[in-house]
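Let's take a walk through this model together, starting with one residue and working outwards to the fold. Keep the viewer open as you read.

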Amino acid sequence: ALLHDMGKAALHIDSARLHVMRCAEDIDAAANGRPMDELARARLRGACGYATETLRQAADLLVSAAGASCFAESSPVQRQWRDLNVATRHAFIATAPSYETYGRAMVGLPPVFPLL
């Protein structure tokens with residue numbers, strides 16, 4: 001199970017990175033004059049939510065594989081796990097609102113949350 005979890009976590013991390021890099025490319029293109037419509041901005045929001053969810057899943061797999069000792073206060077892993085779980089719940093990248101924003105845009109509904 002350990003190697004299975006390591007492999008799956010690595011693929012989660014790769015997936016998150018690919019989504020983030022695609023978002024960065026789209027943002028760079030917009031900064032260089034290519035306008036971004038509401039659907040494209042909503043997709044960015046959804047992709048950020050997906051990336052954060054995927055990173056949390058990877059961290060959970062790795063912490064579970066490492067065992068309960070990871071949660072000792074002396075372990076830097078518990079602090080990193082906790083920081084990741086808190087940071088990825090920031091309003092802009094929180095998973096559920098990000099998915100809803102993208103889903104609404106896909107069917108032509110206005111966003112509930114502001115798009116940046």
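Is Phe71 buried, partly exposed or exposed? Its relative accessible area is 43%, so Phe71 counts as partly exposed. Bear in mind as we go that this is a predicted model.

Phe71 is a good place to begin, as it belongs to an aromatic pair. Searching the whole structure turns up 1 aromatic pair. In it, the ring centres of Phe71 and Trp81 are 5.2 Å apart and the ring planes stand at 85°, so the arrangement is edge-to-face; the angle is over 60 degrees, the cut-off for that label. The two partners are 10 residues apart and link distant parts of the chain: Phe71 sits in the loop between helix H2 (38-66) and helix H3 (76-87), while Trp81 is in helix H3. Trp81 is also partly exposed, at a relative accessible area of 25%.

While you are in that loop, look for Ala72, which is placed in the loop between H2 and H3 as well. With 33% relative accessibility, Ala72 counts as partly exposed. From the C-alpha atom of Ala72 to that of Leu84 is 17 Å, and the two residues are 12 residues apart along the chain.

Now step back to the chain as a whole. The protein chain has 4 helices and 0 strands, and reading from the N terminus its elements run α-α-α-α. Along its principal axes, the C-alpha trace spans about 50 × 25 × 25 Å. Of the 116 residues, 30% count as buried. Among contacts with a separation of 6 or more, 67% are between residues 24 or more positions apart.

How do the helices pack against one another? Two packed helices are described by the angle between their axes and the distance between the axes. We can go through the helix pairs with that in mind.

Helix H1 (residues 2-31) packs against H2 at an angle of about 160°, and their axes are 8 Å apart. H1 is therefore roughly antiparallel to H2, since angles over 145 degrees earn that description. H1 passes H2 in a left-handed crossing. By class, the residues of the contact of H1 with H2 divide into 17 nonpolar, 5 polar and 5 charged. For a landmark on this side, find Leu11, which is in helix H1. At 59% relative accessibility, Leu11 counts as exposed. The C-alpha atoms of Leu11 and Thr54 are separated by 9.3 Å, although these residues are 43 residues apart along the chain.

Next comes the pairing that involves Trp81 again. The axes of H2 and H3 come within 10 Å and cross at roughly 160°. H2 and H3 are therefore roughly antiparallel to each other, and their crossing is left-handed. On the H2 side, the contact is made by Leu55, Arg56, Ala59, Asp60 and Val63; on the H3 side, by Val77, Trp81, Leu84 and Asn85. Sorted by class, the contact of H2 with H3 has 6 nonpolar, 1 polar and 2 charged residues. Trp81 thus has two roles to trace in your viewer: a ring paired with that of Phe71, and a place in the contact between H2 and H3.

H2 also meets helix H4 (residues 95-106): their axes come within 8 Å and cross at roughly 150°. That makes H2 roughly antiparallel to H4, and the crossing of H2 and H4 is left-handed. Residues of H2 in this contact include Leu39, Ala42, Gly46, Gly49, Tyr50 and Thr52, and those of H4 include Thr95, Ser98, Tyr99, Tyr102 and Met106. By class, the contact of H2 with H4 has 7 nonpolar, 6 polar and 4 charged residues. Arg56 is worth picking out, as this residue is listed in the contact of H2 with H3 and in that of H2 with H4.

Let's finish at Thr52, which is placed in helix H2. Is Thr52 buried or exposed? Its relative accessible area is 7%, so Thr52 is buried, the cut-off being under 20%. Which residues does Thr52 contact, leaving aside its neighbours within four places in sequence? They are Thr88, Ile93 and Thr95, and Thr95 is also among the H4 residues that meet H2.

Notes:
Residues are numbered from 1 along each chain as its sequence is written. This is a predicted model: local features need pLDDT of at least 70, side-chain atom pairs count only at pLDDT 80 or more; totals for chains, interfaces and linings use all residues. Side-chain values use heavy atoms; hydrogens and water are left out. Rings of Phe, Tyr and Trp (its six-membered ring) pair if their centres lie within 6.5 Å; planes under 30 degrees apart count as stacked, over 60 as edge-to-face and the rest as tilted. Helices (H or I, at least four residues) and strands (E, at least two) are DSSP runs, numbered from the N terminus. Buried means under 20% relative accessible area, exposed over 50%, partly exposed in between (1.4 Å probe, protein chains only). Axes are lines fitted to C-alpha atoms, for helices over the stretch in contact, and angles run from 0 to 180 degrees between N-to-C directions. Angles under 35 degrees count as roughly parallel, over 145 as roughly antiparallel, 65 to 115 as roughly perpendicular and the rest as oblique. A crossing is left-handed if the near helix is turned anticlockwise from the far one by less than a right angle, and right-handed if clockwise. Contact means heavy atoms within 4.5 Å. Ala, Val, Leu, Ile, Met, Phe, Trp, Tyr, Cys and Pro count as nonpolar, Asp, Glu, Lys and Arg as charged, and the others, Gly among them, as polar.
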